[in-house]
Amino acid sequence: MNGAPQIGGRAWPLAAILVPLILALGAVRSAPAQAIPYQRPVETAPQPDAIGGGYKVPPVQKPLPRDYWLQVLDVVALAAAMGVSVWLVLRRRNRKWLMALTIGSLAYFGFYRQGCICPIGSLQNVVVGLADPRYSIPIVVTATFFLPLAVALFYGRAFCGGVCALGAIQELVVLKPVQVPRRLDRALGLLKYVYLGLAVLFAVKPALARDFLICRFDPFVGFFRRTGAPHMLMIGGAFLVAGMFVGRPYCRYLCPYGGLLTWCARLARRGVTITPDKELDCGLCAEACPYGAIEEMRAVRRKCLYCARCYSACPRDGERAHAKTELIRLSGAAPS
Amino acid sequence: MRRAEGDGVKRNVVEIRVGLGSCGVASGAEPVRDTLERAAKEAGANGVVKTVGCNGMCHREPLVEVVEPDGHMALYGNVTAETARRIARRHMCPSRISTWVRWKAGSLGEPLAHVDRTAAGYLAKQKRIVLENCGEIDPLNIGDYLARDGYRALAMCLEENGLSPDQVIAAISDSGLRGRGGAGFPTGRKWALGRAQSNDVKYVVCNGDEGDPGAFMDRLVLESDPHRVLEGLAIAAYAIGAAEGYLYIRAEYPLAVRHTRAAIRQAEERGYLGRLRLEVREGAGAFVCGEETALIQSLEGKRGMPKLRPPYPVERGFRGRPTVINNVETLAAVPWIVRHGAGAFAALGTKNSRGTKVFALAGKINRGGLIEVPMGITVREVVEDIGGGIRNGRQFKAVQLGGPSGGCIPARLADTPIDYDALAQTGAIMGSGGLVVLDDRDCMVDIARFFLKFTQAESCGKCTFCRIGTKRMLEILERLCEGKGRPDDLEKLEKLADYVGRGSLCGLGQTAPNPVLTTLRYFREEYEAHLHERRCPAGRCPALIRYRVTDNCIGCTLCAQACPVGAIAWRPYEKHEVDDRLCTRCDMCRQACQDDAIEVL
Amino acid sequence: MTGEKQPSMARIGSLIAAAFIALCVVILFTDYVVASRRAPGDDKIVKDLQEQTKADASLAPKLAAEQKRVTGARLARKTRDNAVAWVLIAAAAAFLVFSKRLVRQEKPPAPARQDAAHAPAGASVVVPAAIPELDFSFVDRMVSEIGRSKEAAIPLLQAIQIHYRYLPDEALRRLCDLTEITPAEIAGTSSFYGQFRRSPVGRHIVRVCHGTACHVSGARQITEELRRHLAIPDGEDTDAARLFTLDEVACLGCCSLAPVLMVDDHTAGKLTPATACDALKVTA
């Protein structure tokens with residue numbers, strides 16, 4: 001009986017596509033930078049002729065901004081990944097492929113793009129764009145911000161399932177999750193709104209005092225970049241160790257963007273549904289869900305992080321099913 | 001929707017009736033009533049909430065009936081507190097605008113009600129004479145009863161130039177009314193005999209000791225329309241010349257006792273009973289006291305043991321005086337007969353069984369409850385048209401008529417008309433009216449054993465054949481159900497049945513073998529399966545069945561969770577197994593399984 | 001391919017991977033500590049040299065060499081840390097894979113059974129209630145209300161039973177003293193009728209209907225489940241805490257709601273063995 005997510009078997013095709021893509025992009029990336037003519041702005045600084053000794057101003061090498069078409073490609077990749085996530089969870093209900101997607105997202109959006117830009121941080125940019133008239137927000141950033149929310153309006157937190165790099169890394173470390181008592185879960189869930197408020201507050205400050213808290217306190221970006229402030233690295237490590245036993249603590253309790261996604265998920269019509277199928281209600285899905293998103297045998301959309309464990313644990317329909325019968329869909333959506 | 005008959009209620013308010021018989025209360029009608037009363041208070045007296053008895057539609061309890069000012073009636077079944085609120089908002093018109101706005105806003109988006117045609121099917125073939133008022137009047141309000149021609153029959157007797165006792169007796173005789181307690185003795189003749197007695201002191205007794213398991217007709221009539229019974233009793237007393245009457249009601253019917261006592265008080269206050277003194281006496285839990293001589297013994301404070309007849313109670317009964325004992329249902333039909341005339345009653349039914357009979361439809365039926373049907377209707381019509389067929393899509397096997405004195409009529413004889421003689425030919429009896437429907441999962445040997453156990457426990461012990469014979473028969477049946485039958489058991493059973501029936505003094509013993517005899521006659525193959533093959537074809541007898549998990553099992557653990565003794569190990573995603581040594585055959589696993597993966601062998 | 005081979009391989013694998021992770025973390029940490037110790041010193045040296053070079057141009061190569069050394073060391077550290085970080089990531093991935101396989105060996109936990117439903121009511125308090133001293137003046141009152149004749153036997157017994165909830169012997173004796181009823185008649189009447197009890201009852205009487213409709217709807221299972229739930233010993237009808245007395249009665253007259261039981265005056269219908277125990281909670 002093998003339900004463990006492993007790279008191997010049928011996930012090879014997906015890996016075979018993603019790996020060369022990443023390598024190719026890496027080749028593009030390491031192209032040498034151009035020289036840009038550089039004008040010294042300040043008169044009082046020592047001028048080349050004043051220094052003497054044949055001093056030549058060294059060519060300035062500024063790292064190029066990323067090619068525009070690549071930025072657009074990022075947005076397209078984000079949209080595509082979310083589409084695949086929705087399809088894998090709601091239609092195919094296959095955890096193996098979802099794991100492959102998760103690892104792919106982690107590799108691309110996490111290690112390759114080094115976690116930037118991400119929709120979570122982009123909310124700060126959007127806020128600044130609204131508050132500061134001199135800041136013109138690039139459209140790709142706006143798109144990065146709105147796309148997951150748009151998907152959430154229809155399908156729930158599909159972004160969280162297999163697309164978000166921070167979520168991906170936590171998803172991979174889930175080993176033996178315990179069910180957090182509902183009251184504690186609710187209380188802790190309020191923390192993300194506090195964090196959201198603080199992030200917005202610090203982002204709308206005037207330019208010099210502005211502080212992007214989310215980026216500064218991102219616990220996992222240090223892993224993506226393999227470098228970072230030691231205290232952030234340790235906090236990140238602590239989150240990962242905690243994540244082995246409490247499913248995705250950052251996603252559930254701290255992610256400010258998750259707060260926005262929760263609001264949008266409440267309006268979603270289609271999403272993960274535990275259908276009332278002749279009151280089977282054996283409870284195995286509720287045991288399988290590590291994120292407390294199944295209450296009283298029905299899926300709670302705003303908490304569901306699109307991991308498809310419930311579907312795979314269903315004795316009727318999932319990977320462990322003996323029967324070939326599908327979960328029967330009754331009238332439309334279940335309440336979230 | 002029916003139109004209300006002129007029943008004298010003020011017609012500018014909406015009247016909401018909540019059924020609060022015992023079935024209604026047990027189904028949760030009291031919270032419904034509270035909700036409606038609260039809503040009525042909010043509405044500012046534009047709605048009147050009335051508690052009524054039960055109209056017999058027990059499968060739809062709690063019931064709420066709304067009578068609009070223009071006479072339209074709407075019946076709501078399976079009402080909960082929530083739906084009661086919706087009903088109030090829909091029909092009551094609040095006097096304050098703010099309340100009206102609040103109600104209308106609150107009812108936005110509510111699902112529309114739809115008309116349930118099954119009620120029509122249930123009521124269509126019924127002809128309600130005894131149950132005329134049940135569910136439509138407040139049993140504790142004599143005004144309601146008076147508004148529906150209440151006590152008019154009694155007035156017809158007592159007024160000047162009214163009916164004389166002989167005329168009353170003639171009317172009852174012509175109507176063909178037979179005792180509805182089970183024996184079917186012509187009531188008119190009994191009253192005539194009572195009248196002919198020359199004693200000064202005579203008694204009338206109403207037999208409300210409805211001990212048949214599965215029968216609750218008398219309970220419902222006494223709870224929902226007690227004045228009717230009092231009127232019938234008063235007419236009987238007038239007819240035979242009695243001045244004192246008793247109503248012997250089982251103690252297991254506390255609501256019926258309460259309502260009857262209240263009704264007597266109300267009738268006495270208004271002087272309707274004249275010199276007649278009525279008293280309610282409660283039974284004490286002995287089935288045999290339904291037999292008239294035993295009942296008299298019980299009234300006299302003794303052990304309820306039947307006495308030899310003759311002398312019949314009509315000649316020498318309570319305290320040695322002439323006593324006419326009639327069943328509740330019989331007496332409840334009397335006022336109607338007096339009012340409408342004997343011909344109207346005799347026009348219904350068959351030649352020897354005139355009028356209507358109330359049956360308590362119960363068992364594996366979709367629409368159970370109390371029904372009143374004209375005699376001559378077939379069993380099939382009752383089961384299928386009125387009862388709506390067998391529950392859960394199972395197969396109709398038999399009906400059990402007449403309780404422990406009755407017998408089983410198999411499905412192939414379902415076209416038998418309900419008639420005292422036709423039923424007697426099948427081997428069953430009409431009985432008091434209990435009609436229990438059985439499906440293919442009911443074991444007939446088990447049914448016979450059940451009834452015999454009952455009769456054995458209730459046997460008074462006087463007659464040797466009844467006392468010991470029923471015990472021996474019970475032992476044989478229990479051996480059969482445990483798979484320990486001996487080869488000569490069936491012959492012994494038949495012989496014992498013959499002896500017990502012939503050697504008993506009272507009806508209990510005489511009819512105790514009936515369940516065994518009818519099941520042997522029509523379902524002998526089941527007995528033989530129990531005896532020779534140690535097998536229960538219906539899958540019922542615990543010692544002969546085994547629960548087994550089939551290959552349909554998907555490992556969902558629901559059965560393991562449901563098993564109260566832990567006979568199924570908890571193994572998710574694997575096919576479960578029932579440990580036969582621990583299994584108590586409680587059937588909870590089979591009911592819990594959604595994939596039909598548990599079978600009974 | 002389960003069995004002894006897999007678990008030990010997973011265990012060994014995860015242990016090795018964990019060791020690697022620990023090793024890498026230690027290396028990174030040491031590097032960091034060492035580098036942060038050295039950094040101020042190095043910076044000071046470079047800064048001093050820069051000052052000196054301003055004054056004395058001949059020190060420029062030395063400055064350049066120092067700067068190169070420092071930069072080289074830092075770059076080397078960066079590369080080293082990068083490599084170690086990759087090893088760490090690989091080790092972490094390996095650890096996750098092995099430990100997930102390890103976790104799969106164990107069965108998922110059983111869902112919380114509704115053990116509350118199976119715990120006998122009041123089982124923790126098993127002190128049988130003491131039978132209190134009874135006051136028999138009630139008997140006198142009843143006799144004066146109902147009557148002294150033999151015919152009043154059953155109403156009197158019923159009144160006594162309602163009041164004391166059973167028929168105490170002492171009350172019956174008093175009854176015989178006050179009325180015309182003889183002790184033999186009382187004995188006969190009270191033993192004949194099913195309603196009368198001569199032994200004390202629990203605080204609540206549970207009557208399970210065993211009428212025909214209830215019988216075919218499963219009254220036997222309900223009674224058995226209640227007996228199990230209340231832990232009533234065989235041959236008795238009251239539980240140890242004297243809270244509930246279980247009685248099987250003939251027919252309660254609610255046949256459409258089969259199976260039915262009554263707890264004191266409250267009737268509950270359409271029961272299953274699971275919900276029957278909940279019906280008892282009405283009284284609690």
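A residue counts as buried when its relative accessible area is under 20%. By that yardstick, 40% of the 284 residues in chain C of this predicted model are buried. The accessible surface of chain C comes to about 15,400 Å², and carbon and sulfur atoms supply 61% of that.

What is chain C built from? Its secondary structure adds up to 10 helices and four strands. Walking from the N terminus, you go through the elements in the order α-α-α-α-α-α-α-β-α-α-β-β-β-α. Take the contacts in chain C with a separation of 6 or more: 67% of them join residues 24 or more positions apart.

Now, how far can you trust the picture? Overall, the model scores ipTM 0.79 and pTM 0.72. Chain C averages a pLDDT of 81, with 86% of the residues scoring at least 70. Within chain C, confidence peaks in helix α7 (residues 183–192), at a mean of 89, and bottoms out in helix α3 (residues 115–118), at 40. Over residues 112–129 of chain C, pLDDT stays under 50, and the model has 24 contacts beyond four places in sequence for that stretch. Where pLDDT is low, don't read the predicted coordinates in detail.

Over in chain B, have a look at how two helices meet. Helix α18 (residues 444–458) of chain B packs against helix α23 (residues 524–532) of chain B at an angle of about 90°, with the axes 8 Å apart. So α18(B) is roughly perpendicular to α23(B). On the α18(B) side, the contact uses Met444(B), Val445(B) and Ala448(B), while α23(B) brings Glu526(B), Tyr527(B) and His530(B). Sorted by character, the residues of this α18(B)–α23(B) contact are four nonpolar, one polar and one charged.

Notes: Residues numbered from 1 in each chain as written. Chains lettered and ligands numbered in written order. Predicted model: local features only at pLDDT ≥ 70, side-chain atom pairs only at ≥ 80, totals over all residues. Heavy atoms only, no water. Axes fitted to C-alpha atoms, helices over the stretch in contact; angles between N-to-C directions. Parallel < 35°, antiparallel > 145°, perpendicular 65-115°, else oblique. Contact = heavy atoms within 4.5 Å. Nonpolar A, V, L, I, M, F, W, Y, C, P; charged D, E, K, R; others polar. Buried < 20%, exposed > 50% of the residue type's maximum accessible area, 1.4 Å probe, protein only. Areas by Shrake-Rupley, 256 points an atom, 1.4 Å probe, with all protein chains shown as cover. pLDDT = per-residue confidence, 0-100.
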